[in-house]
Amino acid sequence: MTAYDTIILGAGHNGLVCAGYLAKGGQRVLVLEARHACGGLAASYEFHKGFRACLAQHVGHFPDRIVRDLNLAKHGFSPVHAAPDLIWLSPDGQHIRLAENRLSGVTQAEQRAYNRYSRLMNRFAAMLAPFWLKTVPPIGHNSLSEMLSFAELGLKLRLLGKDDMREFFRVVTLPMHDLMDEFLTHPGLKAMLSWDGLIGSRQAPRSPNNSVIQLLYRSASNTSKSLEVESLISALCESALERSVEIRTAARVVNIQVEPGSQGLRTLGVQLEDGETICAQRVVSSADPKTTFLKLLGAECLEIEFTNRIQRIRDRGLVSKLHLALDGLPSFTGLENPSGRLILAPDMDSIEYAYDHAKYGDLPDLPVLEITIPSLSNSGLAPEGQHVLSANILYTPYQLRDGWNEAARRLLFDRAMDVLESYAPGLRQRVLGHELLTPLDLEARFNTSGGHWHHGDLALDQLIMMRPTYGAAQYRTPIQGLYLCGAGSHPGGDVTGIPGHNAAKEILS
């Protein structure tokens with residue numbers, strides 16, 4: 001007799017969402033978290049005395065459905081139904097701001113061009129949005145319900161109309177550079193709008209066939225927007241606990257235990273680092289696929305072809321994280337209100353050049369950055385009158401040509417600070433302390449292979465019914481009773497909770 005119906009590995013947002021739904025469905029659930037706090041990559045922590053930060057700068061498209069189903073509002077999560085402003089910074093103060101789909105800082109002709117671009121992309125995003133919250137069936141030998149899912153997608157495409165349907169298939173295969181050039185002329189606006197299709201992936205503006213799908217995923221409609229990542233994690237924990245989910249932190253799993261079953265191997269439970277064994281009918285992993293299959297399960301439990309596909313998942317991170325503890329609010333040239341997401345990339349060529357360096361294992365001469373000041377919306381992150389600046393630095397390779405050492409970290413920090421200083425003169429004098437996390441650091445601290453936020457690139461061959469690979473793309477795995485619910489599953493990463501939602505629905509069905 002097993003002690004639990006389900007053990008979930010990892011108390012990140014996906015693991016907590018999955019736990020909430022399974023408990024709501026009547027299961028007895030145990031969540032095991034290796035670190036000392038819940039939240040995973042979205043957990044906040046102190047990086048300098050009195051200053052706290054979080055890797056996830058904002059919740060961009062967390063579905064309203066999950067908020068309602070798990071009653072997160074009751075537990076303190078109050079989503080703001082407005083995206084944070086997106087601001088392209090110019091060193092001379094001629095900035096561009098996108099607020100609620102309205103541009104400032106561009107000509108009327110550029111605004112009209114943006115409106116045409118926005119209408120088309122929003123229509124494509126709305127067409128795809130319902131399928132992110134569903135299990136995508138495998139190809140071949142499908143049941144009636146699975147065939148109906150394919151039929152629904154086909155119908156959605158048909159409803160676009162012949163011209164828009166052809167345009168959809170053309171646009172999703174375009175390099176980001178070509179898509180932006182078709183509609184826009186301002187180099188800064190093109191860099192700003194391409195950002196969400198590039199960040200967190202091994203793609204550059206001229207990379208073919210990949211980044212537009214990621215952009216559409218992040219433009220999903222009918223979603224909540226919030227800068228309060230902390231409140232989301234807290235609400236997910238409280239919602240799970242209210243449904244009698246047991247959450248254990250500092251409980252590192254070292255082995256998924258299996259035994260022979262009627263249809264091959266099946267899960268028996270897990271073993272913790274201290275030797276404790278816990279049994280359950282099923283194990284659900286929110287860890288990345290390589291950690292799940294190759295470290296916790298073991299390649300000896302899998303077919304060699306499946307193991308080879310897992311090993312080939314492209315999951316080398318290309319983003320470093322910089323946190324600054326500041327003695328006051330930084331002053332950006334020509335910008336009165338620095339709230340929102342600030343893009344520091346002169347044009348798409350500067351993004352491409354940064355990628356070219358990283359592609360060969362080098363640091364970019366001129367890093368391109370996205371920064372926020374989260375203490376503006378959450379005063380608890382810093383002492384009164386002081387602030388936290390959080391920056392994503394593209395592109396910084398997981399595997400540096402000469403290896404990561406203190407000299408390399410100092411060089412990256414100095415180059416990033418030089419860029420920041422060109423937009424916010426005097427910033428260096430405000431820095432009380434800092435933290436720089438490379439992809440290698442992210443891997444070590446947060447137990448994610450390659451330090452990749454999304455547990456694998458969001459590319460055409462690693463998406464939908466191919467994510468993470470066939471044989472494990474419907475949240476089930478070759479091992480009976482072993483499931484996936486992390487960012488390496490459909491539809492992908494970011495703080496959405498969608499993989500956790502979909503995995504729970506698949507298990508409960």
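1. Helices and strands, as the words are used in this note, are DSSP runs, numbered from the N terminus, with a helix taking at least four residues and a strand at least two. With that in mind, Trp404 can be placed in the loop between strand 17 and helix 13, and the other residues discussed below can be placed in the same manner. The structure under review is a predicted model.

2. Taken as a whole, the chain comes to 15 helices and 19 strands, and its C-alpha atoms fill a box of roughly 70 × 60 × 50 Å along the principal axes. A compact globule of 509 residues would have a radius of gyration near 23 Å, and the 22 Å computed for the chain agrees with that value. Of these 509 residues, 58% count as buried, while the surface that the chain exposes amounts to about 20,500 Å², with carbon and sulfur atoms supplying 50% of it. Among the contacts with a separation of 6 or more, 73% are between residues that stand 24 or more positions apart.

3. A reader new to the structure might begin with the sheet of eight strands, which is open, has mixed pairing and follows the order 8-7-6-15-16-17-14-18. Strand 8 (102-104) and strand 18 (431-437) are at the edges; each has a single partner strand, and therefore one side of each is left without a neighbour in the sheet. From one strand to the next, the twist averages 20°.

4. Which strand pairs with strand 6 in the antiparallel sense over three bridges? The partner is strand 7 (residues 96-99), while strand 6 itself covers residues 86-88. Within this pair, Trp88 stands opposite Ile96 of strand 7. Helix 14 (residues 439-446) packs on the sheet, where it touches strand 14 (319-326) and strand 18, and the direction of helix 14 makes about 80° with that of strand 18.

5. Helix 11 (residues 304-311) has a buried side, and its buried residues are Phe306, Thr307, Arg309 and Ile310. These residues cover an arc of only 160° around the axis, which puts them on the same side of helix 11. In an α-helix there are 3.6 residues a turn, so residues three or four places apart point the same way. The face turned away from the buried side of helix 11 carries Ile304 and Glu305, which are exposed. Helix 10 (289-297) is included in what covers the buried residues of helix 11.

6. Is His177, a residue of helix 6 (residues 176-183), buried or exposed? With the cut-off for buried at under 20% relative accessible area, His177 counts as buried because its relative accessibility is 13%. Once its neighbours within four places in sequence are left aside, His177 is in contact with Pro205, Arg206, Met348 and Asp349.

7. Two cis peptide bonds deserve a look. One joins Leu394 and Tyr395, with omega at about -25°, and Tyr395 lies in the loop between strand 17 (387-394) and helix 13 (406-423). Another joins Arg467 and Pro468, with omega at about 0°, and Pro468 has its place in the loop between helix 14 and strand 19 (482-484).

8. Positive phi values in residues other than glycine are a further matter for checking. Phi of Ser244 is near 70°, and this serine is found in the loop between helix 9 (229-242) and strand 10 (246-248), where Ser244 is exposed with a relative accessible area of 60%. Phi of His455 is near 60°; His455 lies in the loop between helix 14 and strand 19, and at 11% relative accessibility His455 counts as buried.

9. To return to the loop between strand 17 and helix 13, what does Trp404 touch there, not counting residues up to four places away in sequence? The residues that Trp404 touches are Leu363, Pro397, Tyr398, Arg409, Leu412, Thr438 and Leu440. With a relative accessible area of 13%, Trp404 is buried. Leu376 is 28 residues from Trp404 along the chain, and the C-alpha atoms of the two are separated by 33 Å.

Definitions and conventions
Residues are numbered from 1 along each chain as its sequence is written. This is a predicted model: local features need pLDDT of at least 70, side-chain atom pairs count only at pLDDT 80 or more; totals for chains, interfaces and linings use all residues. Side-chain values use heavy atoms; hydrogens and water are left out. Two strands pair if DSSP finds at least two bridges between them. Axes are lines fitted to C-alpha atoms, for helices over the stretch in contact, and angles run from 0 to 180 degrees between N-to-C directions. Contact means heavy atoms within 4.5 Å. The radius of gyration is taken over C-alpha atoms; the globule rule is 2.2 Å times the number of residues to the power 0.38. Buried means under 20% relative accessible area, exposed over 50%, partly exposed in between (1.4 Å probe, protein chains only). Accessible areas come from the Shrake-Rupley method with a 1.4 Å probe; for residues, only the protein chains shown count as cover. The arc is that of the directions from the helix axis to the C-beta atoms.
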